[in-house]
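Subject: Protein structure for your review

Dear colleague,

Please find below the sequence and structure that I am handing over to you. I would ask you to look at the structure first and then to read the notes beneath it.

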Amino acid sequence: MTLAMSAIAKKLKAEGVDVVTLTAGEPDFPTPFHIKRAAISAIENNYTGYTINAGIVELRKAIADKFKRDNNLSFDPSQILVSNGAKHSIYNALKAICNKGDEVIIPAPYWVTYPEMVKLVDAVPVVINTTEANDFKMTPAQLKRAITKKTKALLFCSPSNPTGTVYSQEEIEALAKVTAKADLYVISDEIYEKVIYDGAKHFSIGSIPDVRDHVITVNGVSKAFSMTGWRIGYLGAKKEIVDAAEKVQSQVTSNASSISQHAALAALTGSDDEVNSMASEFLRRRNFIYDAVTSIEGITCAKPKGAFYIFPNLSGFIGKKAKGKTLRSGDDIAQYLLDEERVVIVPGSGFGAKNYARISYACSMQELEKAAVRMTRGFKRLNGN
Ligand code: PLP
């Protein structure tokens, strides 16, 4: 759905239509200079051949240091697998642990890829619906109810795409008690770890001793360092899981790009100044777009504490008429905004929440200001004034 909406926006733009696109799943900043320099020097120094499948030792060591420093996770470099993006890491992890028919629990709203990946490894996605009233957080009771004899893993994401929800340490500890009792694996997707606001603190479930050996922690450089195209993600886990995931990777892609690995090494061993300035810019934008959207009559929205999306509830507009047609879902409302106001947002159906939509603020303030004016006008019209 995300890519489909982006494709429509691109096509309209190419036709010269003035569209505002709020679909981006990537930071709009350039990759920091020192990281680009490291890649150029990797090429100049001929680091252009295959590397060890799991990733160059220096990078795996830097990742192990990062996990210790930021997440209180202790891994030997042999417990790290570097892959072609966190997406690839999640797939490798699922492929390594799931047998046919195993169930994998996914709290909704979820990142569109999760259920599809679970299906790709012949496992079965089991969705837990969270509520806006509970900040889109899964409760331990909900998790307990969803567990069956076939449950193999929980796919967990905090800060979340698409809602921006960040679980607190206490909330994660309560969930970990449930996964420990049921002997579940947890794949913890922490890709938005550095994009976090309002004093919220990122907490890694793998740092809890009772579940440590059952947690596969996934992260990457895409979002924190604005490096989406470089395709470097990684996971850390118990050695036997890493070995299994590595076998999968070795037969499918071999190593991640040697040049990108050198760039990622510079990212993880360099200063976090640019990461922090990107996060403060995202905060400024979140405040702006959140205020603009929640001041529209009929829209409610949980305030996101991380990532770069807001996920407004559009149910107040279901049943309203536009050009004689009744709007029946978030899909219809997104289509209406595109047709009438030339604003592109991603309908919530792809994220498992059909009366919602995802608005990305990974774009300039100027674009956001334009979008705010257009959305306010479009929804006002639906409200009949
Ligand atoms: N996990 C989540 C929740 C994401 O939103 C994304 C990208 O949109 C990824 C993982 C994938 O990141 P990467 O670029 O490292 O594959």
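The notes below begin with the whole protein and then turn to its strands.

Please bear in mind that this is a predicted model.

Overall form

The protein has 385 residues, and its radius of gyration is 21 Å. A compact globule with that number of residues would have a radius near 21 Å, so the value for the protein agrees with a compact globule. Along its principal axes, the C-alpha trace spans about 60 × 55 × 35 Å. The secondary structure consists of 12 helices and 14 strands.

Of the 385 residues, 56% are buried. Among the contacts with a separation of 6 or more, 74% are between residues 24 or more positions apart.

Surface and charges

The protein exposes about 16100 Å², and carbon and sulfur atoms supply 51% of this area. There are 48 positive and 41 negative charges, and the mean positions of the two groups lie 4 Å apart.

Strand E8 and its partners

In a regular strand the side chains alternate between the two faces of the sheet. Is each face of strand E8, residues 233-236, covered or open? Both faces are covered. Gly233 and Leu235 are buried on one side, and Tyr234 and Gly236 are buried on the other.

Which strands pair with E8? Strand E2, residues 80-83, runs antiparallel to E8 and is joined to it by 4 bridges. Strand E7, residues 215-220, also pairs with E8 in the antiparallel sense, over 4 bridges. Tyrosine 234 of E8 appears in both pairings: valine 82 has it as its bridge partner, and asparagine 219 stands opposite it.

A sheet of three strands

Strands of a sheet pair through backbone hydrogen bonds, either parallel or antiparallel. One open sheet has 3 strands in the order E9-E14-E13, with antiparallel pairing. Its edge strands are E9 (309-310) and E13 (346-347), each of which pairs on one side only. E9 is joined by 2 bridges to strand E14, residues 357-360, and these two strands run antiparallel. Within this pairing, isoleucine 310 stands opposite isoleucine 359 in E14.

When you open the model, I suggest starting from tyrosine 234 in E8, with valine 82 as one partner and asparagine 219 standing opposite. You may then turn to the sheet with the order E9-E14-E13.

Yours sincerely,
A colleague

Note on methods. Residues are numbered from 1 along each chain as its sequence is written. This is a predicted model: local features need pLDDT of at least 70, side-chain atom pairs count only at pLDDT 80 or more; totals for chains, interfaces and linings use all residues. Side-chain values use heavy atoms; hydrogens and water are left out. The radius of gyration is taken over C-alpha atoms; the globule rule is 2.2 Å times the number of residues to the power 0.38. Buried means under 20% relative accessible area, exposed over 50%, partly exposed in between (1.4 Å probe, protein chains only). Contact means heavy atoms within 4.5 Å. Accessible areas come from the Shrake-Rupley method with a 1.4 Å probe; for residues, only the protein chains shown count as cover. Lys and Arg count as positive and Asp and Glu as negative; His and the chain ends are not counted. The place of a charge is taken as NZ of Lys, CZ of Arg, CG of Asp or CD of Glu. Two strands pair if DSSP finds at least two bridges between them.
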